[in-house]
Structure formats: structure tokens, C-alpha cells
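User: I have a model open and would like to understand the labels attached to it. Could you take me through the reasoning behind them?

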Amino acid sequence: MQLEKVYEPQRFEPHWAQWWIDSGVFRAEAAAPGRPFSLVIPPPNVTGSLHIGHMLEHTEIDVTIRWHRMRGENTLWLPGTDHAGIATQMLVERQLASEGLDRRTLGRTEFERRIWAWKERYGDTIKRQMVRLGASCDWSRERFTLDPGLSRAVREIFVRLHEKGLIYRGEYMVNWCPRCQTALSDLEVPHDSIPGHLWHIRYPISGSSRYLVVATTRPETMLGDTACAVNPSDERYRDLHGQSVQLPLMNREIPIILDEVADPTFGTGVVKVTPAHDLNDFEAGRRHNLPKIQVIDETAHMTAAAGPYAGLDRFEARARVVADLDALGLIEKIEPYQLSLGRCQRCKTPVEPLISTQWFVRTKPLAEPAIRAVEDGRIQFTPENSTKTYFEWMYNIRDWCISRQLWWGHRIPAWHCQDCARILVVRETPVQCPCGSNRLEQDPDVLDTWFSSALWPFSTLGWPEETEDLRVYYPTSLMITGFDILFFWVARMIMMGLEATGNVPFREVYIHALVRDPEGQKMSKTRGNVVDPLEVTEKHGTDAVRMAMLLGAAPGTDIVLTEERILSARAFANKIWNAARFIFLNMERSGVEAWLPEESVCHRPEPVDAGHEGIPLEDRWIFSRLNSCADLVNRAIERYRYHEAAQLLWQFFWHEFCDWYLEIKKLRFRENSGLDPHWRNLLTVFEISLRLLHPVMPFLTEELWQRLGSGASRRPVSIALGLYPQYGIQVTDHPAERQMQLLQEMVTAARNLRADLGLNPKEQLEAVLYSAGSAAEVARKQLDAVQKLASLKLEVRAEPAPAETRGVKRSTTEFDLVLLVPVAQIEVLRMRLKKEIEQYGKLIANCRRQLADPKFLAGAPEHVVNSIRQKLGEYEAQLEKSSQALAALP
């Protein structure tokens with residue numbers, strides 16, 4: 001049962017990762033007993049590989065699902081990947097370009113075949129990574145958003161929504177990506193704030209020498225203007241109602257219209273109206289029946305309607321338009337202006353607002369029940385402030401453009417009759433149009449990737465069929481995801497879940513934090529600060545990285561991941577490994593075989609009586625502390641306070657089990673003692689502690705638990721199937737905790753006093769403990785432990801300390817501890833402490849002199865000044881410590 005001397009997680013983590021899958025430990029059964037607890041993975045893109053944000057998300061999900069599984073619940077964590085329409089198509093198109101090909105040369109059928117071939121070859125990268133990192137998914141249920149079953153669900157919901165008038169085809173202003181050649185939803189267009197210009201252009205008023213000044217950030221679009229607008233309440237332009245202006249450069253007369261689109265408080269209060277290239281202008285154009293002149297095409301070049309600028313790139317046309325206006329004296333002024341530039345989320349190309357015929361979801365009727373589901377508590381958000389953000393978006397929701405001009409994805413189930421122009425939206429591929437024509441062509445567009453993802457919680461469970469999985473596991477219990485897809489995905493899942501099933505898709509939503517670099521910056525490839533989770537886990541171990549992230553995972557607070565934090569977490573794992581190694585070595589010396597406690601006592605254990613001695617204090621104390629830790633950890637995980645759970649486990653394992661309990665148990669070990677009460681209590685505590693830690697550090701705990709119970713009968717096949725420790729009021733032992741606290745204070749007082757005096761920590765010294773309270777009784781009963789842990793020969797006196805003692809004293813509210821240091825040694829200490837005090841005084845004076853010098857402060861780098869301030873604080877603390885130690889000498 002011996003453990004290797006060095007903690008090397010790379011040696012055993014891959015084994016357990018694969019063994020969990022092969023053993024079916026995480027396989028869910030709808031007919032299994034226990035309350036169902038289910039969640040579906042936010043499906044990563046099939047094109048990708050795991051980043052550190054994925055690892056945080058999967059770690060929090062994994063902690064939660066392992067915890068529920070160990071509580072005896074019927075758990076399902078359903079994995080899968082998203083087909084990622086634009087991302088995947090872009091990737092394969094790049095591959096084709098390297099071969100001198102493009103998708104149009106190949107044709108649609110062959111291009112789709114190439115993408116499927118790519119998916120089969122590279123698409124399981126994320127699955128391999130997740131398996132390696134120990135994600136406790138049911139891999140037998142893995143799904144892909146283009147699976148036949150999910151494709152059927154997509155077609156079914158599309159047809160249902162169309163039949164209810166909630167999906168329609170129409171002409172509307174869309175975000176168009178000239179690079180990807182497709183429409184984008186508003187959520188797929190992040191905006192950057194960039195410096196730009198505001199051009200003030202003079203529009204001559206027809207039949208007058210006057211002109212209107214119009215401000216624009218996009219002068220190239222003026223070529224498509226079909227009106228100028230003033231606000232009907234703006235008195236400055238009342239005399240121009242019903243008149244017109246000459247459109248510069250195009251020599252076209254356009255009307256002056258009255259519309260609220262013009263804001264009297266912005267600029268001159270006059271706006272140009274370009275219905276083909278701006279959403280607000282599009283709506284104004286509808287209200288006034290204005291023509292729509294498209295001057296920029298789908299490739300972001302100027303159309304024939306742009307006259308002499310036709311064929312130019314949009315930005316080149318801008319420069320030419322400005323130059324020509326300036327030459328005509330029609331530029332009033334140019335001002336610097338901060339622009340909000342919309343870019344394609346995938347390729348970063350600036351999008352172009354264009355009028356296009358697309359498919360849309362009418363979202364208002366779907367949003368209303370989704371709002372009520374959160375208002376009445378059927379769905380709850382953590383952190384709570386996510387609820388407000390959700391409502392703000394849902395109350396202002398716009399129709400969702402769901403068609404994409406791509407070839408990879410769910411093709412829209414609509415067929416266009418080439419003879420009568422009728423559009424058939426049906427579940428099965430039609431053979432003939434009702435008009436009798438068989439000349440039917442399917443709509444070439446595919447659906448927005450987020451459309452199929454919105455069905456994920458129920459389509460993965462078999463909907464629209466009434467499957468057993470759907471009956472048992474839907475609604476799912478929880479959704480853990482990031483803030484960035486709250487609207488892309490979470491809100492749409494709620495809308496679609498309610499529409500398709502009549503029920504919410506999940507009961508709770510936990511929005512996790514972002515992982516940031518040591519400087520607090522968001523991680524991105526452009527900044528070069530991305531952390532590869534596979535690299536860092538290979539270096540430090542998966543459990544260490546999980547613990548490092550969880551320690552900072554407070555709801556609503558971003559996580560700063562540093563090398564120091566990971567190293568600290570690895571040191572924690574190493575501490576547990578060394579403790580196990582110590583236990584296993586001494587088990588052999590004591591003749592103790594592999595052993596696990598009876599399953600019946602696994603939930604709420606109690607210490608075993610040691611015969612005539614009764615239950616030892618350290619056993620009563622550690623069981624009480626373990627019981628309290630179990631209580632608090634259960635509460636923390638239940639409330640998604642993963643940082644609290646991690647901190648509690650750290651405190652218990654390192655500072656209570658290892659630092660104190662094991663140190664005292666060392667004194668109890670006897671060769672060939674067999675499984676005596678001391679060993680039975682120690683092994684029970686250790687085994688339960690491993691189960692308590694398992695959801696957070698699954699690999700280390702599985703390895704140690706299997707070693708501990710090797711050969712033991714009546715045990716589950718994996719620690720992951722063991723019972724999670726629960727609180728039991730009968731195990732709480734406040735007197736034992738108080739007595740142990742006094743013992744710890746005695747030992748700590750002795751150790752600190754030695755350290756302050758610079759004495760050898762292993763040299764045994766005589767000491768006297770004075771106490772008129774309970775400390776004296778505790779010291780007498782635990783005399784052997786106190787003496788050995790503190791390296792003392794201790795005399796205990798149940799009385800207050802006299803005013804004068806011949807040793808060095810350390811006082812607490814409960815006792816006075818006097819170290820009887822030899823006189824000669826005291827004099828040596830006195831001289832050393834005086835010298836230290838003198839040295840620290842000089843160092844402090846030097847630091848203060850530098851910090852009081854204005855020239856030095858003005859010229860020195862900030863980090864140098866901060867370093868001196870830090871040193872000053874350290875020197876002052878050391879001076880205080882040495883002064884107190886000197887004052888304590890007799």
C-alpha cells in the first residue's frame with residue numbers, strides 16, 4: 001500500500017480519467033432511484049479546444065454533479081458539441097483556399113461532405129480534453145447539434161412557429177458581414193469604441209441660397225439619401241416644412257420630412273435619411289414611403305447607384321466623397337468623434353447595415369412568458385443582479401434574424417415553388433406544390449447556430465418524442481454558463497423551452513465569473529495572455545488547477561489566476577499526498593490491513609471508544625470539526641459558493657487534520673497494534689475527508705481512496721459513488737473543541753516564544769504553566785501531547801502566575817506560560833535582541849529619510865518608492881517584535 005515518495009499527478013490522472021468512462025461510473029439511468037438532478041453542458045464549438053474559461057465552467061459543473069451524485073440523486077450531465085456554423089465553415093474554407101479551391105467551385109453537396117469529413121477527423125478534440133480533465137459526463141449520451149434527432153427537433157419547432165405566425169420571411173435591415181457573406185443577429189455584432197470623425201455637410205435648399213447642415217460619421221452613405229429630416233417641434237426649421245434640398249454630388253432633389261428621428265438637441269437638429277443603410281432611417285423611410293437606394297453592396301463596394309463612385313471599396317469611396325465635397329465648399333467642419341463600430345464576432349470585419357430578405361422569429365410573444373417565468377420564481381438567477389440584466393434585454397427585445405447565408409448548418413425547411421412563387425414550410429421534404437408543380441427548390445439559407453442551441457435542453461433528451469429521458473430529466477435542474485451568452489443562449493432557451501414543452505428548460509441559472517490574468521486583464525489571443533488548461537494541468541495536476549480556480553470563484557467576482565495560486569494549490573495537494581503516505585507507512589508498521597468504514601456509518605460517523613481511556617480528545621475534536629466542515633461545505637456547494645467550499649476544505653485538511661490531528665496521532669502509533677481504536681478513528685476520519693474533498697479534487701481522492709480500501713469488501717467501485725458526508729448533531733462536541741483550542745494555544749505559545757527568542761525549536765526546555773481556569777486541567781490530561789508537540793518538560797500549576805517569575809513569560813486570557821531559560825542563555829538573548837533593535841532603528845531611519853525627500857520621491861520610479869514603503873513597514877514590525885521579546889526577559 002506504499003505511496004510513491006513524490007506527488008506526481010501525471011502518473012495516475014490519465015488512468016482514472018479513462019477508468020471512470022470504461023467503468024460506467026457516470027452513466028445515468030432514467031429508471032434509477034433517487035431524485036433526478038440533471039444539467040446539459042453549454043456545448044462548446046466543434047471547431048475549438050478548451051480554454052481556461054471552459055475549464056472553470058466545467059469544474060464548477062463537475063463539482064456540482066459529483067456532489068449530487070454522492071448524495072444519492074439520479075444525476076445526468078449530458079455532454080455534446082455545437083456545429084458552430086460560421087466558425088466551422090470559415091475554417092474549412094481556409095483549408096480549401098490553401099488547396100486553390102473555394103466552396104462554390106466544389107458545389108454545396110461536396111462542400112458539406114468535406115465539412116463532415118473534417119468534423120469526423122478533428123471534431124472530438126474537446127471530448128478528449130474533457131475526458132482527460134475528468135468531466136463526469138455520461139458520454140453514452142453525447143450529442144451534436146446536427147445529429148439526426150436534433151435536426152428533427154429543429155425542423156419541428158421551425159414549422160410549429162411558422163404555423164403560429166411566429167416565424168416570418170420579410171425585408172428588413174440586417175447586420176451584414178462582407179467577409180462571411182451572411183446576415184448576423186444583433187448579438188453577433190460586438191461594438192468597439194474607436195476614434196473617428198463627424199463630417200458636417202452643407203445640403204443646398206432648393207430654390208434658395210440657404211443650406212441645411214447635416215452631420216454624419218459615414219459620408220459615403222449620403223449617395224443613397226432619399227430625404228433630410230427635421231423634428232416637427234423644432235421651431236428653427238418651421239419655414240422649411242414641405243420643401244426640399246439638393247443632394248450634393250448626385251444632383252438629386254430630396255424632400256425635407258418631419259420625423260422624430262431628428263433630435264433637436266443633437267448637432268444642427270437635421271439628419272440625413274438613408275433608408276437602405278441605417279435601421280432608424282429604414283423605419284423613417286417606411287413611415288414616409290421613401291425609396292430605398294442601395295449604394296453599398298454585399299461585398300462592401302459601391303453599387304451602380306453610387307454614380308461616379310461605383311466599384312470603389314466603401315472606405316475608399318468615403319475618402320473620395322469627402323474630397324469632392326471639400327472641393328465644392330460643402331464641408332462646414334470636421335470634428336473628432338468617438339465611434340461605436342460594429343464588427344462581425346467571428347472575422348472582426350466591420351459590418352454593413354443592409355436591407356435584405358431574411359427569416360425572422362417574432363420574439364415579443366415568446367419573450368412575455370419567458371419574463372413571467374423569472375418573475376414568478378420558476379427560474380432563479382445567481383448572482384441576483386443577472387436577473388435585472390435579463391429583464392432589461394427581454395423587455396427591449398427585437399425580432400431575431402435567424403437565416404444565415406451559409407452552407408453548414410440546419411437548412412431552412414422551406415421550399416420555393418418556381419412556378420407560382422408559393423413558399424412551403426413543412427416537416428417532410430415535399431414532392432409537389434399545391435399548384436401541381438414539382439419544380440420546388442429548398443431555401444438556400446441555414447439557420448443561425450443559436451436557433452438549434454436554443455433547443456438543447458430538451459432536444460438532447462429526445463423531444464419531440466415523449467421519451468423516458470425527457471420525462472425524468474426535463475426540466476433540467478441547473479444551467480451553469482457565462483455572462484457573455486446570457487442573451488445569445490440562456491434567454492433563447494427559456495423562450496423556446498416554454499414554447500415547445502410548456503415548461504421551463506431549467507430551474508436555476510448560475511452565471512460564473514471570467515478568468516483573468518495576474519494583472520486583472522481579460523484573457524485573449526491578441527493580448528498573448530491565454531492559459532492553455534491542458535498545459536497547466538500537465539505541469540501542476542488537474543486537481544491543483546481546479547482548486548486554484550475554485551478558491552477565487554465567488555459569485556459575481558472575476559477570478560485572477562496566477563502561477564502563485566496554482567503552486568499554492570499544488571502544495572495543498574502535495575500536503576494531502578504526504579499525509580496519506582505517512583498514514584500508509586504507519587499502517588504497515590502497526591499491522592493494519594486495507595480498510596474502509598462500514599457503508600452504514602459513512603454519512604454521520606462517530607469516534608470509537610478507546611477502552612479504559614475513553615474517547616481520546618483529539619478524536620472527539622476531529623470528528624466534531626469534520627462534522628462542522630461537512631455541514632458548511634454542503635451549504636456552500638448548494639449555494640454555488642465554490643470559493644467557500646474550497647477554503648473550508650483547505651482549512652480542515654491542512655490546518656486541522658494534518659497540522660494537529662496527525663501530529664497527535666503520531667504519538668499513539670504502536671508497532672503491531674492492529675486495528676485498535678486509534679487506527680479505526682484515524683482511518684474513518686481520513687476516508688470521510690477524502691469523500692468530502694472528492695468533488696473538488698477527484699483524481700487525488702480516487703487514487704488515495706482506492707489505495708486505502710484495496711481489498712476491502714462492501715464498498716462502491718469508485719469514491720464517486722460513495723455517500724457524501726452529512727452533518728449530524730450528535731457528533732458536534734463543543735467541549736472537545738474548546739479543550740483542543742486550549743491545547744493548541746499552549747503549544748503555539750511555546751513555539752512562538754521560542755521563535756521570538758531565537759531558541760532551537762527541538763531543544764527541550766523546562767516550563768511552568770499557570771492557570772486558575774480549565775487550561776490547567778486540559779494541560780494535565782493532555783500533558784504528554786503538549787510536552788512532545790512543544791518540546792517541553794512542563795509543570796502545571798492550577799493557580800495564577802506570581803508577579804515575578806524567573807523565566808520568560810507568554811500570557812493569554814486563559815494561562816501564563818513561563819519558559820525557564822538558563823541565565824547564561826538569557827544574557828546572550830538580551831545582547832542579540834539589543835543589537836537587532838539598534839539595527840532595525842537605523843534601517844527605519846534611513847527609509848524615513850528617503851520617503852521624506854521630495855527630490856527622491858519626484859525622480860524615483862513608483863515601484864522603487866513602493867518597495868521602500870513596504871520595507872519600512874516590515875522593519876517597524878520586526879522592531880516591535882524584538883522590543884517585546886526584550887521586555888519579556890527576566
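Analyst: Happy to; we will go label by label, keeping in mind that this is a predicted model.

User: Let's begin with Trp463. Why is Trp463 called buried?

Analyst: Buried means under 20% relative accessible area. Trp463 has a relative accessible area of 4%, so Trp463 counts as buried. You will find Trp463 in the loop between helix H13 (456-459) and helix H14 (468-473).

User: Which residue is far from Trp463 in sequence, and what are the two distances?

Analyst: That residue is Glu156: 307 residues separate it from Trp463 along the sequence, while their C-alpha atoms are 9.5 Å apart in space.

User: What makes the bond from Trp463 to Pro464 worth a look?

Analyst: Most peptide bonds are trans. The one from Trp463 to Pro464 is cis, with omega near 15°, and Pro464 sits in the loop between H13 and H14. A cis peptide bond also joins Thr382 and Pro383, where omega is about -5°. Pro383 belongs to the loop between strand S15 (380-382) and helix H11 (385-395).

User: Why is Gln181 called partly exposed, and what is its phi?

Analyst: Partly exposed covers the range between the buried cut-off of 20% and the exposed cut-off of 50%. Gln181 has 25% relative accessibility, so partly exposed is the right label. Its phi is near 60°, a positive value in a residue other than glycine. Most residues other than glycine have a negative phi. Gln181 lies in the loop between strand S5 (167-177) and strand S6 (182-184).

User: And Tyr640: buried or exposed?

Analyst: Tyr640 is buried, because its relative accessible area of 5% falls under 20%. Tyr640 too has a positive phi, about 60°, although it is not a glycine. Its place is the loop between helix H19 (617-638) and helix H20 (642-666).

User: How do you know that the length of helix H18 fits its number of residues?

Analyst: H18 covers residues 563-590, which is 28 residues. The expected span is 1.5 Å times one less than the number of residues, so H18 should span 40 Å; its end C-alpha atoms are 40 Å apart, and the two values agree. Just after H18 comes Gly591, with a positive phi near 75°.

User: What makes S27 and S28 edge strands?

Analyst: Here is the sheet they belong to. It is an open sheet of 4 strands in the order S27-S26-S29-S28, with mixed pairing. Strand S27 (792-797) and strand S28 (808-811) each pair on one side only, and these are the edge strands. On average, neighbouring strands of this sheet are turned by 20° against each other, direction ignored.

User: How do you know that S26 pairs with S27, and S28 with S29?

Analyst: Pairing takes at least two bridges between the strands. Strand S26 (residues 765-770) is joined to S27 by 6 bridges, so the two pair, and they run parallel. Leu769 stands opposite Val796 in S27. Between S28 and strand S29 (residues 816-819) there are 4 bridges, so they pair as well, in the antiparallel sense. Val808 has Leu819 in S29 as its bridge partner. S28 and S29 form a hairpin, with 4 residues between them.

User: Finally, which helix supplies the largest share of the lining of the largest cavity?

Analyst: H2 does, with 4 residues. The lining includes Met55, His58, Trp77 and Arg546, and its residues divide into 6 nonpolar, 4 polar and 2 charged. The largest cavity holds about 90 Å³ of space.

Methods
Residues are numbered from 1 along each chain as its sequence is written. This is a predicted model: local features need pLDDT of at least 70, side-chain atom pairs count only at pLDDT 80 or more; totals for chains, interfaces and linings use all residues. Side-chain values use heavy atoms; hydrogens and water are left out. On a 1 Å grid over the protein atoms alone, a cavity is a set of points where a 1.4 Å probe fits but cannot get out, and a pocket is an open set with protein on both sides within 12 Å along at least five of seven lines; lining residues have an atom within 4 Å of a point. Grid points are joined across faces, edges and corners, and a volume is the space filled by probe spheres set on the points. Ala, Val, Leu, Ile, Met, Phe, Trp, Tyr, Cys and Pro count as nonpolar, Asp, Glu, Lys and Arg as charged, and the others, Gly among them, as polar. Axes are lines fitted to C-alpha atoms, for helices over the stretch in contact, and angles run from 0 to 180 degrees between N-to-C directions. Buried means under 20% relative accessible area, exposed over 50%, partly exposed in between (1.4 Å probe, protein chains only).
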